[in-house]
Amino acid sequence: MKYYKNNSPTDELIEKFSSLKKLDNYQKIIVDGPKCFMQLLKTDLKIHEILTQEKYLNLLDHRRMTDTHIHILENYDLEKIIGHKVHQGIIAIADAPPLLDINFLSGPAICLNGLTSPENVGSIIRTAAAFNIKNIIFDQKTVNPFSRRCIRVSMGNIFNINVSYSQNLIQDLQKLRNTYQIISTANKENSKEISATKFDSNSLIIIGSEGHGIDKQILEISDIVSKIPISHSTLHLNASISAAIYMYELTRNTNV
């Protein structure tokens, strides 16, 4: 490891740790906070640089960080780098985890269709990890689960999940129908209530966008369109809340 101790951050350092614009389109990721950092350490991902306060040096794994640059900054405005007032004193740049080829999926999966909120995506990933659901698929309209905010909201649980990317979700779902039961979630008049929905270990549950729901073409090729019965005064639930309910029902009815 190479250590650099400074009294104030340079503009170059601020830019490096505050933006993903120069991180090769998610070939690298930014991980901030000790809890997310500890999850990162459990992986074999290469960690390139760390910005930290001296009190967190005990978290570092010297055996796997021989080429890592450690920037120690005590007397500085960390808000400029972290990007928000509530910071936790450590932030790292690392290689992004590899994506799982969608053709090699095994076991139940959650598919995200057009989710643009990092908070929702991060929360769904954290819930999936809690229910031992190991597969997340995201489409080209969904925020990248390896974005900094998603990682933070997931509490680092993104590193415990297989993530697959679909450039053409309709085409991929058509292929997956050979091995998966495709369940779309939509609060529509003719949808089957969740209590009558039969889940199994090869269920693939689709969660639609926050504002528009699931794409019409995807609803049309789904094996089941399922809904959570709610008050007529409420149009739909938040995407992460709906996903959590479906994941609970999936695990309650299977051996996941």
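The buried residues of helix α8 are A239, S240, S242, A243, Y246, M247, E249, L250 and T251, where buried means under 20% relative accessible area, exposed over 50% and partly exposed in between, with a 1.4 Å probe and protein chains only. This is a predicted model, in which local features need pLDDT of at least 70 and side-chain atom pairs count only at pLDDT 80 or more, while totals for chains, interfaces and linings use all residues. Residues are numbered from 1 along each chain as its sequence is written, and side-chain values use heavy atoms, with hydrogens and water left out. The protein has 8 helices and 12 strands, taken as DSSP runs numbered from the N terminus, with helices being H or I runs of at least four residues and strands E runs of at least two.

**Overall architecture**

- Of the 256 residues of the protein, 52% count as buried.
- Among contacts between residues at least 6 apart in sequence, 76% join residues at least 24 apart, a contact being heavy atoms within 4.5 Å.

**Helix α8 and its surroundings**

- Helix α8 covers residues 239-253, and its 15 residues reach 21 Å from the first C-alpha to the last, close to the 21 Å expected at 1.5 Å a residue; the expected span is 1.5 Å times one less than the number of residues.
- The elements that cover the buried residues of α8 include the strands β6 (109-113), β9 (181-185), β11 (203-208) and β12 (224-227), together with helix α4 (118-130).

**Helix α4 and its packing against α8**

- The 13 residues of α4 should span 18 Å at 1.5 Å a residue, and the end C-alpha atoms of α4 are 18 Å apart, which agrees.
- In α4 the buried residues are N120, V121, G122, I124, I125, T127, A128 and A129, and what covers them includes β6, β7, α5, β11 and α8.
- The axes of α4 and α8 come within 9 Å and cross at roughly 15 degrees, where axes are lines fitted to C-alpha atoms, for helices over the stretch in contact, and angles run from 0 to 180 degrees between N-to-C directions.
- The two helices α4 and α8 are therefore roughly parallel to each other, since angles under 35 degrees count as roughly parallel, over 145 as roughly antiparallel, 65 to 115 as roughly perpendicular and the rest as oblique.
- The crossing of α4 and α8 is right-handed, a label given if the near helix is turned clockwise from the far one by less than a right angle, whereas an anticlockwise turn is left-handed.
- At this crossing, N120, S123, I124, T127 and A128 in α4 meet A239, S240, A243, A244 and M247 in α8.

**Buried strand residues N113 and T52**

- N113 lies in strand β6 and counts as buried, because its relative accessibility is 1%.
- The side chain of N113 reaches the backbone nitrogen of D215 at 2.9 Å, a polar contact being a pair of N or O atoms within 3.5 Å, of which, within protein, one must be able to donate a hydrogen and the other to accept it, and residues adjacent in sequence count only if both atoms are side-chain atoms.
- Leaving aside neighbours within four places in sequence, N113 is in contact with D139, K141, T142, L169, I206, I207, G208, S209, G213, I214, D215 and I218.
- T52 is found in strand β3 (residues 47-52) and, at 1% relative accessibility, likewise counts as buried.
- The C-alpha atoms of T52 and I72, 20 residues apart along the chain, are separated by 5.2 Å, and I72 appears among the residues that T52 touches, along with L57, I70, H71, L73, G89 and I90, when residues up to four places away in sequence are not counted.

**Loop residues with positive phi**

- Most residues other than glycine have a negative phi.
- N132, in the loop between α4 and β7 (135-139), has a positive phi near 65 degrees and is partly exposed, with a relative accessible area of 40%.
- M155, in the loop between α5 (148-153) and β8 (162-166), has a positive phi of about 60 degrees although it is not a glycine, and at 26% relative accessibility M155 counts as partly exposed.

**Loops next to strand β3**

- T43, in the loop between α2 (34-41) and β3, is buried with a relative accessible area of 18%.
- The side chain of T43 reaches the backbone nitrogen of L45 at 3.2 Å, and, leaving aside neighbours within four places in sequence, T43 is in contact with R64 and F159.
- R63, in the loop between β3 and β4 (69-73), is exposed with a relative accessible area of 75%, and the C-alpha atoms of R63 and M1, 62 residues apart along the chain, are separated by 9.2 Å.
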